[in-house]
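Grab a pencil and work through a few short exercises on the fold shown here. Each one comes with a solution in steps.

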Amino acid sequence: MNWIEYSIMINKEAEPVVTALLNELGANGVVIEDSSELEKEHIDVYGEIYELNPKDYPEHDIRVKCYFNELVFTDSLEQEIKDSIAHVEGINSEILSFSKTIIKESDWENEWKNYFHPFKASERFAIVPSWEEDTYDNQDDDLCIKLDPGMAFGTGDHPTTSMCLKHIEEVVKPNHKIIDVGTGSGILSIGCHLLGVQSIKAVDLDELAIKVAKENFEKNNCEQDILAETGNLLTEETEQYDVIIVNILAHIIDLMIEDSYARLNDNGYFITSGIIEEKSDEIIEKLKETGYTIEKVLREDGWVSIRARK
């Protein structure tokens, strides 16, 4: 089975909304290639600086690459993507363009290796690609999440994921019972495990995501402490949790706020991300109306992550 790499040229201001749209439309991973990266001074954090190849970046603005199974990337889906992005508020129609490339399944993993290197995702967590773990020098004694994203979203470098990790390292305790909804690559569940948590459930609607997550749990020696299974948000849950983590999209988060409140123990935490700035006030208001206290809000590059408490 082959995969479609769909490339879209956009102006920087439109990136958060476009990225959210692509995830909503079923993209299996999104990569942002920002022309301004070539102008930045890259800091040596791990004893090595990865030299950026100008050929991997556009000459101007931003190129968004997203990936779809060729069986689902129909003409109608492509047209829906084009129409949806063309109507994004603030999109520059003079820059907007689309192109696609077929990627053989055997080449898929190598696509990620072009973009994915060790980095620090938060104060305590570092993300280390599985193919570089043997050469990684953990000088800061970070909690290292060994990761192979495969075909599932979630490498930790996107603000939605890194902000969740920041919340997690601040409030999660070993005695907590946790559910990670929309686990993707399993990165947030692994982070909880590294903090000593032994009762974790990871759910995702996508069977492929669960497969990838289980593989990553094995890489991090935590498969015994994490129950991974397909599930439809919180609609089928009957147990109570101390922490519910949801890194999805704003309109889906909105649908599960009441369920999350019902499934949380008193003083429990609802950590959520994947919210574009324009939707954040709406989500915060819904959380308050449900009975939550907003404890902390993080904002980065047009994305918002919220920590609420019951």
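Contact here means heavy atoms within 4.5 Å. This is a predicted model, where local features need pLDDT of at least 70 and side-chain atom pairs count only at 80 or more, while totals for chains, interfaces and linings use all residues. Residues are numbered from 1 along each chain, and side-chain values use heavy atoms, without hydrogens or water.

**Exercise 1.** Work out the strand order of the four-stranded open sheet.

- Helices (H or I, at least four residues) and strands (E, at least two) are DSSP runs, numbered from the N terminus; two strands pair if DSSP finds at least two bridges between them.
- Start with β1 (residues 3-10) and β3 (residues 62-69): eight bridges join them, antiparallel. Ile 8 sits opposite Val 64 of β3.
- Now the edges: β2 (30-34) and β4 (97-103) each pair on one side only.
- That gives β2-β3-β1-β4, with antiparallel pairing.

**Exercise 2.** Find the strands that helix α2 lies across, and its angle to β1.

- Angles run from 0 to 180 degrees between N-to-C directions, with axes fitted to C-alpha atoms, for helices over the stretch in contact.
- Helix α2 (residues 75-86) lies across β1, β3 and β4, at about 20° to β1.

**Exercise 3.** Decide where to trust the model, using pLDDT (the predictor's confidence in each residue, from 0 to 100).

- The chain averages 85, and 86% of its residues reach 70 or more.
- Strand β8 (residues 177-181) scores highest at 97, helix α3 (residues 108-113) lowest at a mean of 62.
- Over residues 42-52, pLDDT is below 50.
- Where pLDDT is low, don't read the predicted coordinates in detail.
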